[in-house]
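Me: I'd love to go through this fold with you, one question at a time. Could you keep the answers short and show the reasoning?

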Amino acid sequence: MRHTWRWFGPVDKVSVQDAVQAGVQGIVTALHHVPTGAAWTAEGIRQRQDEVRAGGLEWEVVESIPVSEEIKTQTGDWRAHVANWQESLRRLSDCGIRTVCYNFMPVLDWTRTDLRWPTRQGARAMRFDLPDFVAFDIHILKRPGAAEDYPEALAAEAARRFADMPDSRIAELGRNIGAGLPGSADGYTLDQLAEKLRSYQGIDANRLRSHLVDFLSEVAPVADEVGINICAHPDDPPWPLLGLPRILSTRDDYAHMLGQVDLRANGVTLCSGSLGARGDNDLPAMAREFGPRIHFVHLRNVTREAATTPCSFYEDEHLEGGTDMVELVAALMAEERRRKAEGRADHQIPMRPDHGQEILDDLARGAQPGYPAIGRLKGLAELRGIERALSHPRLGAPELETQA
């Protein structure tokens, strides 16, 4: 696989030079300062490319061009936003960028109750605590009808949690859950979040799914025309939140999306951590089934704290947690071999070590939550070790391209 690294621009406390020292081959970034719904300019794209090149690498993957709430709800200026998305694809192609990741999660992007939860080893990790999240929904946000969405025992546990919750934790939950896209300055106050939720009244999973297909029917042909692969990131966590539907959480969700817009340019960002928060998602099987349409891979691992869906979980080390990372990497490498034999120019799949625990010097760096320097470097080293071992001639496997 092609080893890449997410970088949040010049404000990132982990530099492109740090990524070079980690041994990556390309950068994953975006124009985080551009308002959602606006078209990216060629000048802005080239400026970001120059910033990446100054550090010694190339901008290879976009993560992400945000999809506006207007597009998801088909309200307001949504058609203009779709046109701007198409234009951004054309300009990215003109600048030589060939992979664009996006997500279709309503209102909230990836959601955690804790951004720096202490692990038993003294590291810090991101965590989703289900009772605390329910306490936020029912007792802090006070969403109408929220209590009816949860089992009685879970609502009772959330009430007990809230009764003992200090003001500092209440404020922290509001900040963590209401955060915007990673790297952006967006975010929601409680009142703003409640208003956003009201904008989805009457939009159930089927309707949101049809809006996704409408969006892809417009943008995927443009991507195909200009030689860009677009790839949908799964819901994180992969279940409904705050009464909102989520429609890219399971194998069946992706099969529907790919079948409805059956162009190779319309593909998948296979995120093992997001999908791995559900025990019924078989990641190696999904990699084998959707292999030809996997355009980008996020490799990380989570440990689920219960067998139910939903459940509490935390970001574990890359080779721990519920996903068999060796089997998953083997499936992805087999897909790369198949593509190479087929003659595909995009046979090498870009991968990045997603998230990571804060360890050692990360603990004082204060980087973007989930994106520490050393924690990701450790994850990349482990993943690279799996690739090297699986491609060793003693195992009877042909060596794949792992370095530029």
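Me: Which residues of strand S12 (residues 350–353) are buried on one side, and which on the other?
Reply: Happy to start there, with the reminder that this is a predicted model. Strand S12 is covered on both faces. One side holds Pro 350 and Arg 352, and the other side holds the buried residues Met 351 and Pro 353.

Me: In which closed sheet does S12 take part, and how many strands does it have?
Reply: The strand order is S1-S2-S3-S4-S7-S8-S9-S12, with parallel pairing. Neighbouring strands there are turned against each other by 30° on average, direction ignored. The sheet is a closed barrel, and its number of strands is 8.

Me: Which residue of S12 stands opposite His 3?
Reply: Strand S1 (residues 2–6) pairs with S12 in the parallel sense, over 2 bridges. Within S12, Met 351 is one of the buried residues. The residue opposite His 3 is Met 351.

Me: And what is the bridge partner of His 298 in S12?
Reply: Here the pairing is between strand S9 (residues 294–299) and S12, parallel again and over 3 bridges. Arg 352 is buried on the side of S12 that also holds Pro 350. The bridge partner of His 298 is Arg 352.

Me: What is the strand order of the open sheet, and which strands stand at its edges?
Reply: The open sheet has 4 strands with antiparallel pairing, in the order S5-S6-S11-S10. The strands at its edges have a single partner strand each, so one side of each is left without a neighbour in the sheet. From one strand to the next, the twist averages 40°. The edge strands are S5 (114–118) and S10 (301–304).

Me: Which residue is the bridge partner of Arg 127 in S11, and over which ring does the charged end of Arg 127 sit?
Reply: Strand S6 (residues 124–128) runs antiparallel to strand S11 (residues 313–316), and 2 bridges join them. In S11, Arg 127 has Tyr 314 as its bridge partner. The charged end of Arg 127 lies 4.9 Å from the centre of a ring, that of Trp 117.

Me: Which residue lies over the face of Trp 5?
Reply: This is another case of a charge over a ring, at 4.1 Å from the ring centre. The residue over Trp 5 is Arg 376.

Me: Are the rings of Tyr 102 and Phe 215 stacked, tilted or edge-to-face?
Reply: This is one of 12 aromatic pairs in the structure. It links distant parts of the chain, with Tyr 102 in strand S4 (residues 99–103) and Phe 215 in helix H9 (residues 205–226), 113 residues apart. Tyr 102 and Phe 215 are both buried. Their ring centres are 5.9 Å apart and their planes are at 65°, so the pair is edge-to-face.

Me: What kind of aromatic pair do Tyr 254 and Phe 290 form?
Reply: Tyr 254 is in helix H10 (residues 251–260), while Phe 290 is in the loop between helix H12 (283–289) and S9. Tyr 254 counts as buried because its relative accessibility is 0%, and Phe 290 counts as buried at 6%. With 6.4 Å centre to centre and 50° between the planes, the pair is tilted.

Me: Why does the span of helix H13 (residues 325–342) agree with the expected value?
Reply: H13 has 18 residues, and at 1.5 Å a residue they should span 26 Å. The C-alpha atoms at its ends are 26 Å apart, which means that the span agrees with the expected 26 Å.

Me: At the start of H13, which backbone nitrogen does a side-chain oxygen of Asp 324 reach?
Reply: The contact is to within 3.2 Å. Buried residues of H13 include Met 325, Leu 328 and Val 329. The nitrogen reached by Asp 324 belongs to Val 326.

Me: After H13, is His 347 buried or exposed, and which backbone oxygen does its side chain reach?
Reply: H13 is followed by Gly 343, which has a positive phi near 90°. His 347 lies in the loop between H13 and S12. Its relative accessible area is 15%, so His 347 is buried. The side chain of His 347 reaches, at 3.2 Å, the backbone oxygen of Arg 344.

Notes: Residues are numbered from 1 along each chain as its sequence is written. This is a predicted model: local features need pLDDT of at least 70, side-chain atom pairs count only at pLDDT 80 or more; totals for chains, interfaces and linings use all residues. Side-chain values use heavy atoms; hydrogens and water are left out. Two strands pair if DSSP finds at least two bridges between them. Axes are lines fitted to C-alpha atoms, for helices over the stretch in contact, and angles run from 0 to 180 degrees between N-to-C directions. Buried means under 20% relative accessible area, exposed over 50%, partly exposed in between (1.4 Å probe, protein chains only). Rings of Phe, Tyr and Trp (its six-membered ring) pair if their centres lie within 6.5 Å; planes under 30 degrees apart count as stacked, over 60 as edge-to-face and the rest as tilted. A charge sits over a ring if NZ of Lys or CZ of Arg is within 6 Å of the ring centre and within 35 degrees of the ring normal. The expected span of a helix is 1.5 Å times one less than its number of residues. A polar contact is a pair of N or O atoms within 3.5 Å; within protein, one must be able to donate a hydrogen and the other to accept it, and residues adjacent in sequence count only if both atoms are side-chain atoms.
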